[in-house]
Amino acid sequence: MVGIYSYGVYIPRYRIKVPEIARVWGANADDITRGLGVFEKSVPDLDEDTATIAVEAARAALRRRKIDTGAIGAVYVGSESHPYAVKPTACTVGEAIGATPNMTAADYEFACKAGTAGLQTCMGLVRSKMIPFGIAIGADVAQGAPGDALEYTAAAGGAAFVVGEGETIADINRTCSFTTDTPDFWRREGQSYPRHGGRFTGDPGYFKHVQGAARLMFDAMGTGPKDYDYAVFHQPNAKFPQRVAKMLGFTDAQIRPGLVVPKLGNTYSGSSMIGLAATLDVAKPDERIFVTSFGSGAGSDAFDITVTDVIESEAFDRAAAPAVEKLLANPIYLDYALYAKHKGKIVMQK
Amino acid sequence: MRDVAVIGVGCTEFGEHWSTSFRDLFVTAGALALEDAGISGEKIDALYVGNMSAGRFVEQEHIGALIADYAGLASNHVPSTRVEAACASGGLAFRQAVISVASGMEDIVVAAGVEKMTDVGTGASVDMLASAADREWEGFAGATFPGLYAMIANDYMHRYPLTREQLAAVAVKNHENGAKNPIAQFRNRITIDTVLSSSMVADPLRLFDCSPITDGAAAVVVVPLERAREFTDSPVRVLASAQASDTIALHDRRDISTLDATVAAGKRAFAQAGLAQKDIDLVEVHDCFTIAEICAIEDLGFCKKGEAGRLTAEGATALNGDIPVNTSGGLKACGHPVGATGIKQICEVVTQLRGDAGARQVDAEIGMTHNVGGTGATVVVHILGA
C-alpha cells in the first residue's frame, strides 16, 4: 500500500511569547492567550526561510531512513511564504538532498493545506508507479501583519513526508478532499501580509471544510471517531482544533499528541503536518490516525492512516532525527524588537 | 387621524448569516410578515424600510426600490421609502408606516428593517457605526460607540450608586431571555462572572456589556384598525407613536447620563396613549450597551434616576418581575442588526401581546418599544395594546 516511508520536522529555535506581542500593541495578554490557547510561537533566525526549513525537514526525514535519493522522483513544497514568487523552492530542496535531476518538482500554494495537497500528489504518482518515492513538504515562515490577530500565532516550521509503496511506516488507507471557493483569508500578489475575514474564517471557513472532509472520510471508510487512536487537525490556534474535534466526536486524548500549536504557533502549511509528525513520534504499530488539514480559500484534505510495524523495525530509526517535542524544548526567547528584526519587519531603507 | 393596528409580524433569525444576502434577509422577513397577516403582496399600498448603512455595509444604496423589486412588487409600482436614523431606523420606519395609515393616505403598509453587517470586518463595522455619532466632533477625535457609552457609564457611576455587578446583571438577564427566543443570536445563559471576566472594550464596558454585530431583518404589516378584523382575530393596536431628537454630539448635552430625547419621546407617548408607566406590562428598550438599558428604564420613568441597577439586580426587570424589560433578549442577546432592531422590538411586543411568546411569555396587555439612534440624538417610542 502507498504510505509514509519516513518523515522529518524542522522548527527554528527562537520563540516569542504571546504576552510580549500583546505588550507592544497594548492588548490584554490574558484575554489573547485564553482566547487562542497559544502561549508562544516559533520565530525564524535571520537567515532562515521556507527553503531552509523545507531542506532541514527533508534531511531529517532522510536521516531516519536510508533511501536512494536518486529514486526520489518528485518534490513538492507547499507554502504561503515561498522565498521567490517565480523560482521554485522545491528545486532548492531537491538539489540539497541530492534528488536532482531525474525528478519533477513544483511549489504549491493552498493557504495552510498546500503541504497535504503535495502529499496527495505524491500518493498518486507513487500508486501509478510513475515514481518510486516522492517528498511532500509543508513549510512556512508565516506572515502576520504587525498588530493583526494573526501576529500572535504566525510561526515558522515545516514537515517533510517521504511517500513510497510497500515497506511503509504508515499506510495511507485513503485520502479525500472537500473544496469550495470561500474567500476567508487571502494575500494578493505584492502584498506583504495576508488579510482575513475575521469571524468569517471560522464557521464558513475552517469548521465547514474540516468537518466536510472528515465526514466524507467517515462515509468512505465506514468509520467513526472511535475507530481511530489519534486525530490531527489544522491548528491555527488551540481552540479551533479542540472545537472541531469535539464537534466530530473525537476526545481530547485523541488529539493531544498532535496538538502542537500552544507552544509552536501556527506554521501555516506546516501546521497539520507537524501535528501528524508529532503523533508519529509516539504512535505504535497498528494504531490508526485521522488527519484533516485546512487551507483558506478553502479546502480540507483528510487522511486515514494506519501505522505499520516498520516504524519500530531496524529499517527505520525514529531517534535519528529529533522528535517534535524535542524541537519545541529549550527555546531561545526574543523580545519584540529582536523578533521584528528576525522577521524582517524593520525596514532599514526603501 | 385613524387608529392603526399591526396585523402581521415576521423576523429572520438574528446572527451571522454568512450565506444569506442583504436582499434575501429582507425578503425572508417580509414573506413571514405577509404570511402571518394572511395577505398577498399585491395588496400592499406602501413600504417603509429602516436601514442604517447598506451603502457602506454592502455597497448598496436605493434600498427602497431594491426591496420593492425583490419583494416582487416592482410591476405593481408600489411606493417604497428607505428611512434612516442610525440604529433607530427601524423604529422610525414603523412610525412612518403608522403615520401613513393614520393619515388615510395608505391602507395596507409594510414597515421593515434590515441590516447585513458581517460582509465587512469588525474594524470597518465599528467605523460605520461611528457615523451615527458626530463625525467631525466625535469620530474624528477617535470616539467609537463603545467609547461614547463608556463615557455615559463613567459619568453615571460617578453620580449614582450603580455597581459593576448591577450593570452586568443587565446582560445576564438579557441572555436569560435570549435563551428562550428562537430567533436570538445568543441563546446561551451567562453569569455575572462571565461579564466581569470578559475582555475590556472601553472602561468600564466589557465585551458582554456590548451588543453584537448582527445580520437580520424584520417586517410588520399595519392597517387601519377598522379594517384589521378583515385579516386577523388578534390585531394589536398602536396606542402611541412618538419621536424626539437631541444634539447629535454627546458633549453638547445638558446631562450625558440622561437621554433627554428618551424622556421627551416617552412623555409624548404616554400622553398620546393616555397611559402611565404603571399601565405598561413589558418594554423593549434599546440596550446597545448595558448602561443604555439602565438609562432607558429610568428615562422612560419606570423608576427614579439611580435605581435601575439595583432593580435589575433584584430581578424587577426579569420575565417574572414588576416590569419585564427586553423579553426578546434585547440587543445584547437577540442581536442588533441596526436597521432591523426597531422593527424587531415591535415584533416582540406584538408576539407577547398575542400570547405567542412561548417560554418567554409574560402576562401583558400593553407593551412599549424604545429605539435609539446614536447616543440618543433620535429616540422613537411606541406603545402597543392587545
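Here a biologist and a modeller talk through a predicted model with chains A and B.

Biologist: Let's start with one residue. Why is I7(B) called buried?

Modeller: A residue counts as buried if 20 or more other C-beta atoms lie within 10 Å of its own. I7(B) has 25 of them within 10 Å, so I7(B) is buried.

Biologist: Where does I7(B) sit, and what is it in contact with?

Modeller: I7(B) belongs to strand β1 of chain B. Leaving aside neighbours within four places in sequence, its contacts are A37(B), V221(B), V223(B), A228(B), F231(B), T232(B) and P235(B). Take A228(B): it is 221 residues from I7(B) in sequence, while the two C-alpha atoms are 6.5 Å apart in space.

Biologist: What makes α4(B) a mostly covered helix?

Modeller: Of its 15 residues, 12 are buried. Among them are L92(B), F94(B), R95(B) and V98(B).

Biologist: How do you know what span to expect for α4(B)?

Modeller: The expected span is 1.5 Å times one less than the number of residues. For α4(B), with 15 residues, that gives 21 Å, and the helix reaches 21 Å from its first C-alpha to its last, close to what is expected. Just after α4(B), G104(B) takes a positive phi of about 90°.

Biologist: Which domains does chain B have, and how far apart are their centres?

Modeller: The domain assignment gives domain 1 (4-121 + 214-236) and domain 2 (124-206 + 238-385). Their C-alpha centres lie 22 Å apart. The contact between them takes 43 residues from domain 1 of chain B and 41 residues from domain 2 of chain B. On the domain 1 side, α4(B) gives the most, with 8 residues. That side divides into 26 nonpolar, 12 polar and 5 charged residues.

Biologist: How many residues does the contact between chains A and B take?

Modeller: It takes 7 residues from chain B and 8 residues from chain A. The chain B side has 2 nonpolar, 4 polar and 1 charged residues.

Biologist: What makes a set of residues a nonpolar core?

Modeller: The members are buried residues of certain nonpolar kinds, joined through C-beta atoms within 7 Å. The largest such core here has 142 residues, and V6(B), A112(B), V220(B), V221(B) and V222(B) are those with the most contacts inside it. Helix α1 (residues 22-37) of chain B gives the most to this core, with 8 residues. The core also draws at least three residues from each of the two domains of chain B. A second, separate core has 113 residues, including I16(A) and M273(A).

Biologist: What is A112(B) in contact with?

Modeller: Beyond its neighbours within four places in sequence, its contacts include F26(B), L47(B), A93(B), A218(B) and I343(B).

Biologist: Now chain A. How do you know that both faces of β6(A) are covered?

Modeller: F133(A), I135(A), I137(A), A139(A) and V141(A) on one side are all buried, and so are G134(A), A136(A), G138(A) and D140(A) on the other. That agrees with the count for the strand, where 9 of its 9 residues are buried.

Biologist: And what makes β6(A) paired with β4 and β7 of chain A?

Modeller: Strands pair if there are at least two bridges between them. Strand β4 (residues 72-78) of chain A has 6 bridges to β6(A), running parallel, and β7(A) has 8, running antiparallel. Both pairs therefore satisfy the cut-off of at least two bridges. As examples, V75(A) stands opposite I135(A), and A159(A) in β7(A) is the bridge partner of G138(A).

How values were computed:
Residues numbered from 1 in each chain as written. Chains lettered and ligands numbered in written order. Predicted model: local features only at pLDDT ≥ 70, side-chain atom pairs only at ≥ 80, totals over all residues. Domains from an automatic or database assignment. Contact = placed C-beta atoms within 7 Å. Helix = DSSP H or I, 4+ residues; strand = E, 2+ residues; numbered from the N terminus. Nonpolar A, V, L, I, M, F, W, Y, C, P; charged D, E, K, R; others polar.
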